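Trainee: I am new to this structure. Please take me closely through one part of it, the place where its two halves of the assignment meet.

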Amino acid sequence: MPAQIYSPFTNFNFSNNKCFLTGQNLNSPEEQIQVFPQWLMSRYELEDKPFKLLDESMATYKDLKLPCTAEVNERYLEPLENEIAAAFETGYEAVKALDEDKLFLWAGKLLYGIIFNEIQAGIKLQHSQGEEFNVSQSIIHKFNNLHMMLQSLNLPVEFDGFKPYSLVLFKVDNAENVFGYRDEINTLTFSLRIKDFGLILCLQDNGANARYHKEALDKIADHVLHPIQFEELNARFFYSAYLFNRLPEYDIFNIGDTISVEALPLRGTSSKPLFDDWMNKTYGQVLENFWKNWGFLLLEIIKNPEKPISFLFNADGEFINGQDLKLPL
């Protein structure tokens, strides 16, 4: 019998008695994993730090968990976790040597874990108010696709000639023990800045955001970035992910024992560009948030509305050497 994709979104089952990845019933309520892996929480002392959910309620990093059978964890998740942990502890060169698909699956599992907890909190809140849980179909579509792709961890799922994500990795001159994490679940965008590197992933764009920023990425390639430069690039990706106006569609086929995932053309039947118009004021607001550590305000950032401040490129569009920046790390 061909392998079957599991979808918790079909019956909207997000209880703690089914494995998040396979839908199998758990043998015990103790069968859980941390959303933020223990090695990462221990390394950066995150366990008791606050984590704000979308409903404005507060949790801690260690509160965020996923129901998962012991077998699935031992066979599929722990080997990936151990490989990622070893590379992250070593730093940029080891992370660069990793298979990008493994980074995608690792980040995707973490982001999906947050989504799972957000959905549980949303269901609980709306039911307490006597309302049915309601979320847009386009968001559900993206979440469901991400969950389907995560099953390449435990099923013979193959992406047919495409990568479902944009991934960029840069060496960054970070301060010691910095932990810079961001996500945006509506656009499925993820970033992490630790050790001597920074990683950005758009998890469901079929590479569109990386292509959108290709000119800038080509200029930055192989340079070591100052943290403020990485956060500027981060802001550009988070904003373009917001401007990305397509909902990727996939055909799924069983070919022998393999589940083949084929991406449909992003353009589809629409004549609209893939991205909405870039608005410098809105981008400036995003950048202000990403530059909080350095105290830059929106009015400074967009003093020239046609050309927001950049620490990546000078007035001629050439890359600025991060070592020349007289700013704190």
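Mentor: Across the interface of domain 1 and domain 2, the rule finds two salt bridges. This is a predicted model. One salt bridge to look at involves K163 and D101, whose side chains come together at 3.5 Å, N to O. Polar contacts also cross the interface of domain 1 and domain 2: 13 residue pairs, with both partners at pLDDT 80 or more.

Now see which elements build the domain 1 side. Several helices and one strand each supply at least two residues of the side that touches domain 2. They are helix 1 (38–44), helix 2 (70–90), helix 3 (92–96), helix 4 (100–128), helix 5 (137–150) and strand 5 (157–159). Helix 4 gives the largest share, 12 residues. Sort this side of domain 1 by class, and you get 30 nonpolar, six polar and eight charged residues.

Next, the bounds. The domain assignment places domain 1 at 1–159 and domain 2 at 163–328. The contact draws 44 residues from domain 1 and 39 residues from domain 2. Between the C-alpha centres of the two domains there are 23 Å.

Then the area. The size of an interface is often given as the accessible area lost when the parts come together. Here, domain 1 and domain 2 bury about 3,700 Å² between them. Carbon and sulfur atoms give 72% of that area. Three residues deserve a look: Y44, Y92 and L111. Together they supply 18% of the area that domain 1 buries against domain 2, more than any other three residues.

Go back to helix 2, one of the elements on that side of domain 1. The side chains of R75 and E71 form a salt bridge there, at 3.3 Å, N to O. R75 and E71 are four residues apart in helix 2, so about one helical turn separates them. In total, the structure holds 14 salt bridges.

One last stop, for strand pairing. Strand 7 (residues 180–184) and strand 8 (residues 189–194) run antiparallel, joined by five bridges. Find D183, and you will see F190 of strand 8 opposite. Strand 7 and strand 8 make a hairpin, with four residues between them. In the turn, L188 has a positive phi of about 55 degrees.

Notes:
Residues are numbered from 1 along each chain as its sequence is written. This is a predicted model: local features need pLDDT of at least 70, side-chain atom pairs count only at pLDDT 80 or more; totals for chains, interfaces and linings use all residues. Side-chain values use heavy atoms; hydrogens and water are left out. Domain bounds come from an automatic or database domain assignment. Contact means heavy atoms within 4.5 Å. Buried area is the accessible area (1.4 Å probe) that two parts lose on being put together, summed over both. A salt bridge is a side-chain nitrogen of Lys or Arg within 4 Å of a carboxyl oxygen of Asp or Glu. A polar contact is a pair of N or O atoms within 3.5 Å; within protein, one must be able to donate a hydrogen and the other to accept it, and residues adjacent in sequence count only if both atoms are side-chain atoms. Ala, Val, Leu, Ile, Met, Phe, Trp, Tyr, Cys and Pro count as nonpolar, Asp, Glu, Lys and Arg as charged, and the others, Gly among them, as polar. Two strands pair if DSSP finds at least two bridges between them.
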